[in-house]
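Thanks, everyone. I have one interface to go through today, and I will keep it brief. Please have a look at the structure first.

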Protein chains: 2
Amino acid sequence: MKSFRVSVHIVPRKGLLDPQGKAVADALHTLGFSAVRDVHVGRHIVIETAAADAAAAERAVREMCARLLANPVTEDFEIAGVAGA
Amino acid sequence: MKSFRVSVHIVPRKGLLDPQGKAVADALHTLGFSAVRDVHVGRHIVIETAAADAAAAERAVREMCARLLANPVTEDFEIAGVAGA
């Protein structure tokens, strides 16, 4: 078993309201960043896990996302990277 | 002015407590993912902004992070990517 660091992005589904992103965009406009058009806020999760190989680590993290980390009704997730640690 | 999508990761500073990551790791253990060693939870922010070029877009987003998005006492940020949109 080797150790892997798997990064995941969990983001609001496209087309759903993203009130946190809207709030950040408004705050940036208030600060004078008028070129900002849109902001999306999601979570960036890094999981250190033991696995036989990188493919097994990614598979395990996909299952963690489906069972715990992402809300399947409102969120999408994508594996951003798998690195040996 | 072209449109760019800049992704940023905002993560707890190394060495600081990450109670949210600890809670996620404990929940994953409870669900049977016993191979998980550590979890870090941060934010993944995507900013769509107009700028003259990619370097200017990245510079603007770094300033946004320093002024609003990241707490300099407890968080670090890194630009994860800049793409034309």
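I will take the contact between the two chains, then the strand pairing.

To be clear at the outset, this is a predicted model. Chain B and chain A each bring 30 residues to the contact. About 2,900 Å² is buried between chain B and chain A, and carbon and sulfur atoms account for 64% of that area. On chain B, Phe33(B), His44(B) and Glu48(B) make up 20% of what the chain buries against chain A, which is more than any other three residues.

Now the specific pairs. How many salt bridges does the rule find across the interface of chain B and chain A? Zero. Polar contacts do turn up: 16 residue pairs across this interface, with both residues at pLDDT 80 or more.

Next, where the chain B side comes from. Four elements of chain B give two or more residues each to the side touching chain A: strand S1 (2-12), helix H1 (19-30), strand S2 (36-51) and helix H2 (54-69). S2(B) gives the most, with 15 residues. Sorted by class, that side of chain B has 18 nonpolar residues, six polar and six charged.

That brings me to the strands. S2(B) pairs with strand S2 of chain A, residues 36-51. The sense is antiparallel, and the pairing runs over 13 bridges. To fix the register, find Val46(A): the residue opposite, in S2(B), is His40(B).

So S2(B) is the strand to keep in view: it is the top contributor on the chain B side, and it pairs with S2 of chain A. That is all I have.

Methods
Residues numbered from 1 in each chain as written. Chains lettered and ligands numbered in written order. Predicted model: local features only at pLDDT ≥ 70, side-chain atom pairs only at ≥ 80, totals over all residues. Heavy atoms only, no water. Contact = heavy atoms within 4.5 Å. Buried area = accessible area lost by both parts, 1.4 Å probe. Salt bridge = Lys/Arg side-chain N within 4 Å of Asp/Glu carboxyl O. Polar contact = N/O pair within 3.5 Å; in protein donor to acceptor, adjacent residues only side chain to side chain. Nonpolar A, V, L, I, M, F, W, Y, C, P; charged D, E, K, R; others polar. Pairing = 2+ DSSP bridges.
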